[in-house]
Amino acid sequence: MSHSRWLRTGIVGAVAALVCGGAAAAHAQSIDVDRKLGAEAVAEVESTYGIVAHEKAAEWVEAVGERLVSGLGPQPFEYSFRLVNMTEPNAFALPAGHVFVAPSLLAVARSEDELAGLLGHEIIHAHGRHSIKRLKRGLRHGLLSLHSLSDEERQSVTAVSLRGVTARAGVTLE
């Protein structure tokens, strides 16, 4: 597959997913929240799993990811592509464009085109701010379940939940 066809394939896939998925709800939240939560999550991944220092493989993943992102135009944050020390073949995106790939996934991806497809999938998650949407959805479900509690229990749970969520996002309620 030629470079231009490869790039078009990744861009078309990303655009189709964004149009079908609709990212409007997540975009109502400040990008700064994504950056803060992303930085916290990156620190957690680094301390839990560690980063693989295989220069050639890391450069390849980063180069493919950057080529895909460059075809999408201006982005709300800067993407990063890193190898994470995981044994199972996996890739995942964190808030603010942090994409991690397990080296074992590179063995499964038999070509640069397949790697581009995998990274394109993760780029869509980051660009669509899917992790922020999941956080909001979780909060809504939690708040809806409060109706079965007494007024006193509801106030206590709500206060604790809001303090925790807003503290993680760097927001105070005072």
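# Exercises on a predicted model

Setting aside neighbours within four places in sequence, Phe 81 touches Val 61, Glu 62, Gly 65, Glu 66, Val 69, Val 99, Leu 119 and Ile 123, where contact means heavy atoms within 4.5 Å. The model is predicted: local features need pLDDT of at least 70 and side-chain atom pairs count only at pLDDT 80 or more, while totals for chains, interfaces and linings use all residues. Residues are numbered from 1 along each chain as its sequence is written, and side-chain values use heavy atoms, with hydrogens and water left out.

## Exercise 1: the surroundings of Phe 81

Determine whether Phe 81 is buried or exposed, and describe how strand β1 places its side chains.

Step 1. Phe 81 has a relative accessible area of 4% and is therefore buried (buried is under 20% relative accessible area, exposed over 50%, partly exposed in between, with a 1.4 Å probe and protein chains only).

Step 2. Helices (H or I, at least four residues) and strands (E, at least two) are DSSP runs, numbered from the N terminus. Side chains alternate along β1: Phe 81 and Leu 83 point to one face and are buried, whereas Ser 80 and Arg 82 point to the other and are not.

Step 3. β1 runs parallel to strand β3 (residues 98-101), and four bridges join the two (strands pair if DSSP finds at least two bridges between them). Within β3, Val 99 is the bridge partner of Phe 81.

## Exercise 2: strand β2 and its hairpin

Describe the faces of strand β2 and its pairing with β3.

Step 1. Strand β2 (residues 91-94) is covered on both faces. Ala 91 and Ala 93 on one side, and Phe 92 and Leu 94 on the other, are all buried.

Step 2. Four bridges pair β2 with β3 in the antiparallel sense. The partner of Ala 91 in β3 is Val 101.

Step 3. Three residues lie between the strands of this hairpin, where Ala 96 has a positive phi near 70°.

## Exercise 3: aromatic pairs

How many aromatic pairs does the structure hold, and which rings form a cluster?

Step 1. The structure holds three aromatic pairs. Rings of Phe, Tyr and Trp (its six-membered ring) pair if their centres lie within 6.5 Å; planes under 30 degrees apart count as stacked, over 60 as edge-to-face and the rest as tilted.

Step 2. Tyr 79 and Phe 81 have ring centres 6.3 Å apart and planes at 15°, so this pair is stacked. Tyr 79 is buried, at 5% relative accessibility.

Step 3. The pair of Phe 92 and Phe 100 is also stacked, because the ring centres are 5.4 Å apart and the planes are at 20°. Phe 92 and Phe 100 are both buried.

Step 4. Phe 77, Tyr 79 and Phe 81 are linked into a cluster by ring pairs.

## Exercise 4: nonpolar cores and helix α6

Identify the elements that supply the largest nonpolar core, then check the span of helix α6.

Step 1. A nonpolar core is a set of buried Ala, Val, Leu, Ile, Met, Phe, Trp, Tyr and Cys residues joined through side-chain atoms within 4.5 Å. The largest has 23 residues, and those with the most contacts inside it are Val 61, Tyr 79, Phe 81, Val 101, Leu 106, Leu 115 and Leu 119.

Step 2. At least two residues of this core come from each of α4 (55-70), β1, β2, β3, α5 (103-108) and α6. Another core, of eight residues, lies apart from it and includes Val 42, Val 45, Val 84 and Leu 94.

Step 3. Helix α6 (residues 112-127) has 16 residues and, at 1.5 Å a residue, should span 22 Å (the expected span is 1.5 Å times one less than the number of residues). The end C-alpha atoms of α6 are 21 Å apart, which agrees.

Step 4. Buried residues of α6 include Leu 115, Leu 119 and Ile 123. Arg 129, with a positive phi near 55°, follows α6.

## Exercise 5: salt bridges

How many salt bridges does a search of the whole structure find, and which parts does the pair of Arg 82 and Glu 46 tie together?

Step 1. The search finds six salt bridges, each a side-chain nitrogen of Lys or Arg within 4 Å of a carboxyl oxygen of Asp or Glu.

Step 2. Arg 82 and Glu 46 form a salt bridge whose closest N and O atoms are 2.6 Å apart. Arg 82 lies in strand β1 (residues 80-83) and Glu 46 in helix α3, so the pair ties together parts that are 36 residues apart in sequence.

Step 3. Asp 32 and Arg 35 form a salt bridge at 3.1 Å. Asp 32 and Arg 35 are about one helical turn apart because three residues separate their positions in helix α3 (residues 31-48).
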